[in-house]
Structures are given as structure tokens and as C-alpha cells.
Amino acid sequence: MKRIIALAVLTCFLASLFGCSSGDNATQSAKSIIVGFSQLGSESGWRVGNTNDIMAAAQRANVQLLFMNADQKQENQIKAIRSFIASRVDVIAFAPIVEDGWDNVLQEAKDAGIPVLLTDRMINVKDSSLYAGFVGSNFLREGQEAAEFLLKKTADMDRVRIVEITGTEDSTPMKERKEGFENQIAGNPKYEIIDTVSGDFLRSKGKECMRNILKETHDFNVLYSHNDAMTLGAIEAIEEAGLQPGKDIIIITVDGEQRAIDLLKQGKINCVVECTPLIGDTVMALAKKLAAGESIPRITYSVERTFSEYDTDLDTLPPRGYGDEQD
Ligand code: AHR
């Protein structure tokens, strides 16, 4: 399916490059810009929602999208960026899987005069002029929000033993969700993170991690999971072990997929920190500015909220638009 989408997008792109369009389409193509977008993979409902949103926003904005999915491999993202440079796109946008290792390929983009927009995750490069700006979530704030809920929920408890399942190593959400959370509980001796394991943002790994932990110990009362996909897997393992998620173990998760909000309403999750994948319209607006030679803000953060068992509006929330059973 991914190949079919890539081929379809590539066909549109080549048609526009070589003037094969006709009638209204040709007129539209003449006005529209070409954005090469490298998506890092399809690891979660969040990511699928992000891909769908980017594609729909490109159509709305009359942007020709050259889309490539890297299947969780940095080398595929680097190849995609090189192919965008060779194709002389107007703007390169990409969601970097990890922070390090982008200097060379982005230098090539800069030498070719193609502006680069980071989406969703940050990078570490020696020369900050290698990218024009970033659009996405404030992951440090997300970690802080998760801890703030925990502080409130556990105010009357003497001993809080936390298991943390993190996302992909060396990715921005993994690093900053951890840092933001730890900063808030630091110096308070009743909080102890007894184990931190990586679940790579995958549901299957979230389940595997939780199964392994539960084989070793049941002596913890909180799960802080860096995304909903891993949380859904971990909840399966918790229930298999005869424990009640949301009651025996306080569950705090990040993303806000429909499935997680549904479990929050059922009392199986206690807190969902929102991280929205619906950034497509902003990506397209910023890409158009870059293509026109205009400057853009260095950082554009999404506006987000935290949902928890303390909220009174959970039953009236509109559908989330990502992370439902169709994903
Ligand atoms: O970078 C955003 C994170 O990546 C989301 O929290 C997660 O679900 C996705 O895999």
C-alpha cells in the first residue's frame, strides 16, 4: 500500500515536471509548489494520522507532494532527501527519526538552494542554518504535564514507584518527554522510577516490555508511557497479568489517539497528554512562505491540552481524527 501511495505521488510529480497535465490541472500545476516530504515510518496510529493529515493538507493547499515513507530507517530518509534534491523540489520537509546524523545531507540541500522545514521532531546539527524552522509539539512541556498530573493524583500517597516505557532512542520525543517528567519529580524522594525500558513507540514492544517487567515485579503503581501505541500494548499485558489498568496501576500516556481517549473514559487510562499529529496545514503554509523566499519563525509549536480523569468534558469531546480502529 505504501508503495502504491509513493508511486501515485511520484506519478503526479513527474507529470507536473514534464508538463503532461492538461486543462485546469496544468494551470493549477503552474501555480503550485513542489514539496518533498520524508515521513519516518508508520509505527503508530499517531504517525498514520500525521501522514494522512499531511497528504490532505497538501491537496487543500494545492501543493504537489512528493511523499516518501522511510519505514523507521534513517538511511531511507537520507536517500529520500537526496532524491528530493536531485528532483529540484521547492522545499524539503521531513520528520527526522533521530536527532543526529543529518549534517551532510542537509549541507547538500543548502548547497542546492533548497530550504528545509523540520516537522514533528528536532535535529542536532553543527550549523543551525541547515534548516529554516521547526513545526510540531513541545515535548518537554508534554513530559512536565505528565508529571504534573502524577503529582496531583498521588498527593496522598507515601510511595510512588514508576515504570517508564520510552520511545525511540535518540529521538526528540523520547529525550524531552523523559527530561520534562524527571525535572518535575526531581528532589521529591517519594517518587522513584524503578525501571526505564525502550518500546520504540510500537504497540507490540509496549506489550513485550510490560510483560517482561511484570515477570520480575508487581511492586510498582505507575506506568508513564511515551506514546499511546505502547500504552495500548502495555495495558494488554497488565490485564493478562490479572491487574486493573487505571486502578492497580496509574496509567499516564502521551498522544491523544481516539483509542486512548476511549480508554480514559472507561477508567483504564488516567491521563492522556495531547501531542497532535494534525500539523499539515501549518506545514503547507510555512512551505509556501519558504518557496516564496520569505522567512518563517524558527519554532512553531502546536497548541495542545492534557486530558485526565479530572476533566468533566470527556463525553463531549469531538472525535480525535486519528488513532481509531481503522488505523
Ligand atoms: O514524534 C511523535 C511521536 O512519534 C508520537 O508520540 C508517537 O506516537 C510517534 O510514533
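Two residues are in contact when heavy atoms of theirs lie within 4.5 Å. The views below come from a predicted model.

**Figure 1. The whole chain, built from helices and strands.**
The protein chain holds eleven helices and twelve strands. It has 327 residues, and buried residues make up 52% of them. Among contacts with a separation of 6 or more, 73% join residues 24 or more positions apart. The accessible surface of the chain comes to about 14,500 Å². Carbon and sulfur atoms account for 49% of that surface.

**Figure 2. A cavity between domain 1 and domain 2.**
One cavity of 30 Å³ or more is found in the structure. Its volume is about 90 Å³. The lining numbers 13 residues. Trp 46, Arg 47, Arg 121, Arg 177 and Asp 255 are the lining residues nearest the centre. Helix H3 (45–60) and helix H7 (172–185) each give two or more residues to the lining. By class, the lining has six charged, five nonpolar and two polar residues. Why does the cavity lie between the domains? Domain 1 (2–137 + 277–296) and domain 2 (139–275 + 307–316) both contribute to the lining, so the cavity sits between the two.

**Figure 3. Glu 142, a buried residue of helix H6.**
Helix H6 spans residues 139–153 and includes Glu 142. The relative accessibility of Glu 142 is 0%; a residue counts as buried under 20%. Which residues does Glu 142 touch, once those up to four places away in sequence are set aside? They are Ser 137, Arg 177, Val 254, Val 273, Glu 274, Cys 275 and Glu 304. One of these, Arg 177, is also among the residues nearest the centre of the cavity in Figure 2.

**Figure 4. Helix H10 and its packing partners.**
Helix H10 covers residues 258–266. Its buried residues are Gln 258, Arg 259, Ala 260, Ile 261, Leu 263 and Leu 264. What do these buried residues pack against? Two helices take part, H3 and H9 (228–240). So do two strands, S10 (271–274) and S12 (306–308). H3 also helps to line the cavity of Figure 2. Gly 267 follows H10. Its phi is positive, near 85 degrees.

**Figure 5. Ser 308 in strand S12.**
Strand S12 holds Ser 308. This serine is buried, at 7% relative accessible area. Neighbours within four places in sequence aside, Ser 308 is in contact with Phe 149, Leu 264, Asn 270, Cys 271 and Leu 314. Leu 264 is one of the buried residues of H10. Phe 149 falls within the residue range of helix H6. Cys 271 falls within the range of strand S10.

**Figure 6. Leu 117 in strand S4.**
Leu 117 belongs to strand S4. Its relative accessible area is 0%, and it is buried. Where does its chain meet residues from elsewhere in the sequence? Leu 117 touches Ile 92, Ala 93 and Phe 94, among others. Its contacts also include Gly 133, Phe 134 and Val 135. Val 283, Leu 286, Ala 287, Leu 290 and Ile 296 are on the list as well. Leu 117 and Gly 133 are 16 residues apart along the chain. Their C-alpha atoms are separated by 5.4 Å. Gly 133 opens the range of strand S5 (133–136).

**Figure 7. Two non-glycine residues with positive phi.**
Asp 120 has a positive phi of about 70 degrees and is not a glycine. It sits in the loop between strand S4 (116–119) and strand S5 (133–136). Is Asp 120 buried or exposed? It is buried, with a relative accessible area of 4%. Phe 201 is not a glycine either, and its positive phi is about 65 degrees. Its place is the loop between strand S7 (191–198) and helix H8 (203–216). Phe 201 counts as buried at 3% relative accessibility.

**Figure 8. Ile 34 in strand S1.**
Strand S1 runs over residues 34–39 and contains Ile 34. At 11% relative accessibility, Ile 34 counts as buried. How far apart are Ile 34 and Ser 87 in space? From C-alpha to C-alpha they are 9.7 Å apart. In sequence, 53 residues separate the pair.

Note on methods: Residues are numbered from 1 along each chain as its sequence is written. This is a predicted model: local features need pLDDT of at least 70, side-chain atom pairs count only at pLDDT 80 or more; totals for chains, interfaces and linings use all residues. Side-chain values use heavy atoms; hydrogens and water are left out. On a 1 Å grid over the protein atoms alone, a cavity is a set of points where a 1.4 Å probe fits but cannot get out, and a pocket is an open set with protein on both sides within 12 Å along at least five of seven lines; lining residues have an atom within 4 Å of a point. Grid points are joined across faces, edges and corners, and a volume is the space filled by probe spheres set on the points. Helices (H or I, at least four residues) and strands (E, at least two) are DSSP runs, numbered from the N terminus. Ala, Val, Leu, Ile, Met, Phe, Trp, Tyr, Cys and Pro count as nonpolar, Asp, Glu, Lys and Arg as charged, and the others, Gly among them, as polar. Domain bounds come from an automatic or database domain assignment. Buried means under 20% relative accessible area, exposed over 50%, partly exposed in between (1.4 Å probe, protein chains only). Accessible areas come from the Shrake-Rupley method with a 1.4 Å probe; for residues, only the protein chains shown count as cover.
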